[in-house]
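User: I would like to go through this structure and ask why certain terms are applied to it. Please set each value against its definition.

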2 protein chains.
Amino acid sequence: MTITITAFERSPDRGKGLARDMRVRWVLEEVGQPYDVRLLSFRAMKEPAHRALHPFGQIPTYEEGDLVLFESGAIVFHIAERHAGLLPGDANARARAIAWMFAALNTVEPPIVERDVAKILERDTPWYEQRLRLLEDSIRKRLGGLSDRLGDADWLDGAFSAGDLLMVSVLLRLKGSGILDEYANLSAYVARGEARPAYKRAFDAQLAVFTAAWSG
Amino acid sequence: MTITITAFERSPDRGKGLARDMRVRWVLEEVGQPYDVRLLSFRAMKEPAHRALHPFGQIPTYEEGDLVLFESGAIVFHIAERHAGLLPGDANARARAIAWMFAALNTVEPPIVERDVAKILERDTPWYEQRLRLLEDSIRKRLGGLSDRLGDADWLDGAFSAGDLLMVSVLLRLKGSGILDEYANLSAYVARGEARPAYKRAFDAQLAVFTAAWSG
């Protein structure tokens, strides 16, 4: 059955792998599933046709026959559940890998996204510098806990899992902030994720969209 | 096997059901699983013994034999997966219910929590009123999409699911803000959640902890 995902026609990150379709491309590459991509303008994302697929008018969506999904975490889980290699076979280890998926999206990502949003919406406000410091402290609280738990392991709990895929994706948003560099083991962890052949293929595919849009 | 969860010894919400152990209590009541509760002081939550269970030093955790889980979303999923009634049997409907779990925690909850945090950390700053308005606009964007999708249905996608359980839990944090009242169908949706006998049992159990702590 053909898989179709949606992505930004012109990604705000200029194709640097930070848009949430990247997570879906990455997991599809990990399991070797081909997929089509439908590109959307910012205007098309808010129109009824797309809102019928995604109630919040965002990307990515996932279509496979009659099934329509939204939320990158749910799409990654759907694929990880149906193919070997991204969730452990042992029941307890599988539950822990899923806990890391939720931790990436509900504990670690929110203050990181908040910082990205503040950099756009609050840059010209008089409180910008103070807000940024508050946010960065709150990011450091999460990274400190994560760094202590990771220790000198390669991945968060045994072999690479869908939990690592989402955690690396979330941490990548800190690139260029300097914050990630304060945690040597987390920087190495993110680099291990980026070095995976599936990550590289996904990254190249989404960068090609951006390059084509701006050279076309 | 005995299930043990952790909760605040003295919840900051004064036992009003907003702490994240409430979600775990609720799902356990929905499936009729008894559980023990270990109460933690704020200091104990940050100590190594608890951090060994929860890398971010928060509540709730979930212990069942050899299994230790953290992240309320992951715990709710773990229980929903092992008992009938909270995830549809049909594969596509099940994937969509899981998408609502992620939507509750990764799309709807972050700006709501941000508002709660701003009300504590930024109340005395000169920018407080402006920040609150920015945050409430961002909450309204999410609630608008959710309200349109819910329409006049009882639950988000067919029968009550773990996705509804998490979404109602997240929306409950808006009680008293007036924002939820702007969406009649979402207010009725939350009231339907609160009217479930399992919700009531869970609410009473966590309120009893608070009442005992302050009368003891």
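Analyst: The model is predicted. A starting point is a helix pair in chain A: helix H7 (residues 162-172) and H8(A) pack with their axes 9 Å apart, at an angle of about 115 degrees.

User: Why is H7(A) called roughly perpendicular to H8(A)?

Analyst: Angles of 65 to 115 degrees count as roughly perpendicular. The angle here is about 115 degrees, and that makes H7(A) roughly perpendicular to H8(A). The crossing of H7(A) past H8(A) is left-handed.

User: Which residues make the contact of H7(A) with H8(A)?

Analyst: H7(A) contributes A:Asp164, A:Val168, A:Leu171 and A:Leu172, and H8(A) contributes A:Leu186, A:Tyr189, A:Val190 and A:Gly193. By class, the contact has 6 nonpolar, 1 polar and 1 charged residues. Gly counts as polar, so A:Gly193 of H8(A) falls in the polar class.

User: What makes H6(A) and H8(A) roughly perpendicular to each other?

Analyst: The axes of H6(A) and helix H8 (residues 184-194) of chain A cross at roughly 75 degrees and come within 9 Å. The range for the term is 65 to 115 degrees, and H6(A) and H8(A) are therefore roughly perpendicular to each other. In this contact A:Leu143, A:Leu146, A:Ser147 and A:Leu150 of H6(A) meet A:Asn185, A:Leu186 and A:Tyr189 of H8(A). The classes are 5 nonpolar, 2 polar and no charged residues.

User: How do you know that E3(B) and E4(B) pair?

Analyst: Two strands pair if there are at least two bridges between them. E3(B) and E4(B) have 4 bridges, in the antiparallel sense, so the definition of at least two is met. One bridge partner in E4(B) is B:Val68, which belongs with B:Glu63. E3(B) and E4(B) form a hairpin with 2 residues between them, and B:Gly65 in the turn has a positive phi of about 60 degrees.

User: What makes strand E1 (residues 3-8) of chain B a partner of strand E3 (residues 61-64) of chain B?

Analyst: The same test applies, at least two bridges. E1 and E3 of chain B have 3 bridges and pair in the antiparallel sense. B:Ile5 stands opposite B:Tyr62 in E3(B).

User: Why are strand E2 (36-40) and strand E4 (67-70) of chain B said to stand at the edges?

Analyst: The open sheet of 4 strands in chain B runs in the order E2-E1-E3-E4, with mixed pairing. E2 and E4 of chain B each have a single partner strand, so one side of each is left without a neighbour in the sheet. From one strand to the next, the twist averages 20 degrees.

User: How many residues of chain A are in contact with chain B, and what decides that they are in contact?

Analyst: Contact requires C-beta atoms, placed from the backbone, to lie within 7 Å. On that basis 34 residues of chain A are in contact with 34 residues of chain B. On the chain A side, the elements that give two or more residues are strand E4 (67-70), helix H4 (72-82), helix H5 (91-121) and helix H6 (128-150). H5(A) gives the most, with 14 residues. The residues of that side divide into 19 nonpolar, 8 polar and 7 charged.

User: Where do the two domains of chain A lie in the sequence, and how many residues of each are in contact?

Analyst: The domain assignment gives domain 1 (3-85 + 198-215) and domain 2 (91-196) of chain A. Their C-alpha centres lie 21 Å apart. By the 7 Å criterion, 12 residues of domain 1 of chain A are in contact with 11 residues of domain 2 of chain A. On the domain 1 side, the elements that give two or more residues are helix H1 (21-31), H4 and helix H9 (197-215) of chain A. That side has 9 nonpolar, 2 polar and 1 charged residues.

User: How do you know that the peptide bond from A:Ile59 to A:Pro60 is cis?

Analyst: The omega of that bond is near 0 degrees. A:Pro60 is found in the loop between helix H3 (48-51) and strand E3 (61-64) of chain A. In chain B, the bond from B:Ile59 to B:Pro60 is cis, with omega near 0 degrees, and B:Pro60 is in the loop between helix H3 (48-51) and E3 of chain B.

User: What is the phi of A:Arg14, and where does A:Arg14 lie?

Analyst: Phi of A:Arg14 is near 60 degrees, a positive value in a residue other than glycine. A:Arg14 lies in the loop between strand E1 (3-8) and H1 of chain A.

How values were computed
Residues numbered from 1 in each chain as written. Chains lettered and ligands numbered in written order. Predicted model: local features only at pLDDT ≥ 70, side-chain atom pairs only at ≥ 80, totals over all residues. Axes fitted to C-alpha atoms, helices over the stretch in contact; angles between N-to-C directions. Domains from an automatic or database assignment. Parallel < 35°, antiparallel > 145°, perpendicular 65-115°, else oblique. Left-handed = near helix turned anticlockwise from the far one by under 90°.
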